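The exercises below are meant to be worked with the sequence and the model side by side. Try each task before reading its solution.

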Amino acid sequence: MPIYEYKCTRCGGVFEKIQRIEDGNESLRCPYCGAKSPERILSSFSHKGSESSSSCKAPGSTRFS
């Protein structure tokens, strides 16, 4: 299940919620102030890896050399 990030339209609090894709945010409440229907926001993500893994070259590939 994906993790969605929400922002409360009343207090501005940001929180995450694990939920199914087909579940809406109608029944969701802000955990800080209790306001209904927070706004889903675009989350950033990170990738952990070494600098050498950032190249587009597959292991053993010479196509992009």
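Helices and strands are here DSSP runs numbered from the N terminus, a helix being a run of H or I with at least four residues and a strand a run of E with at least two. The model is a predicted one, in which local features need pLDDT of at least 70 and side-chain atom pairs count only at pLDDT 80 or more, while totals for chains, interfaces and linings use all residues. Residues are numbered from 1 along each chain as its sequence is written, and side-chain values use heavy atoms, with hydrogens and water left out.

**Exercise 1. The chain as a whole**

Task: state how many helices and strands the protein chain has, and what percentage of its residues count as buried.

Solution. Begin with the elements: the protein chain has 0 helices and 3 strands, and their order from the N terminus is β-β-β. Next comes burial, where a residue is buried under 20% relative accessible area, exposed over 50%, and partly exposed in between, with a 1.4 Å probe and protein chains only. By this rule 17% of the 65 residues in the protein chain are buried. For contacts, meaning heavy atoms within 4.5 Å, consider those in the chain with a separation of 6 or more: 25% of them join residues 24 or more positions apart. Finally, the accessible surface, computed by the Shrake-Rupley method with a 1.4 Å probe, where for residues only the protein chains shown count as cover, is about 5,600 Å², and carbon and sulfur atoms contribute 51% of this area.

**Exercise 2. An unusual phi**

Task: locate Ser37 among the elements and decide whether it is buried, partly exposed or exposed.

Solution. Ser37 belongs to the loop that runs between β2 (14-18) and β3 (39-41). Its relative accessibility of 37% places Ser37 in the partly exposed class. Now turn to the backbone: the phi of Ser37 is near 50 degrees, which is positive although the residue is not glycine. As background, most residues other than glycine have a negative phi.

**Exercise 3. Aromatic rings**

Task: find out how many aromatic pairs the whole structure holds, and say whether the rings of Tyr6 and Phe15 are stacked or edge-to-face.

Solution. Rings of Phe, Tyr and Trp (its six-membered ring) pair if their centres lie within 6.5 Å, and planes under 30 degrees apart count as stacked, over 60 as edge-to-face and the rest as tilted. Searching the whole structure yields 1 aromatic pair. Because the planes of Tyr6 and Phe15 stand at 25 degrees, with the ring centres 5.8 Å apart, this pair is stacked. Both Tyr6 and Phe15 are buried.

A charge can also be examined against a ring, and it sits over the ring if NZ of Lys or CZ of Arg is within 6 Å of the ring centre and within 35 degrees of the ring normal. Arg40 meets this description over the face of Tyr4, at 3.9 Å from the ring centre.

**Exercise 4. Salt bridges around Arg20**

Task: count the salt bridges and identify which residues are joined into one network.

Solution. A salt bridge is a side-chain nitrogen of Lys or Arg within 4 Å of a carboxyl oxygen of Asp or Glu, and the count by this rule is 2. One of them links Glu22 to Arg20, with the closest N and O atoms 3.2 Å apart; here Glu22 is exposed at 61% relative accessible area. Asp23 likewise bridges to Arg20, with closest N and O atoms 3.2 Å apart, and Asp23 is partly exposed at 27%. Through shared partners, these salt bridges connect Arg20, Glu22 and Asp23 in one network.

**Exercise 5. Contacts across the sequence**

Task: list what Ile41 touches and what Cys33 touches, leaving out residues up to four places away in sequence.

Solution. Start in strand β3, where Ile41 is placed, a residue that is partly exposed at 25% relative accessibility. Ile41 touches Glu5, Tyr6, Lys7 and Val14, and its C-alpha is 6.6 Å from that of Lys7, although 34 residues separate them in sequence.

Continue with Cys33, which is in the loop between β2 and β3 and is partly exposed at 30% relative accessible area. The residues that Cys33 touches are Cys8, Arg10 and Cys11. Cys33 and Cys8 lie 25 residues apart in sequence, with a C-alpha to C-alpha distance of 8.5 Å.
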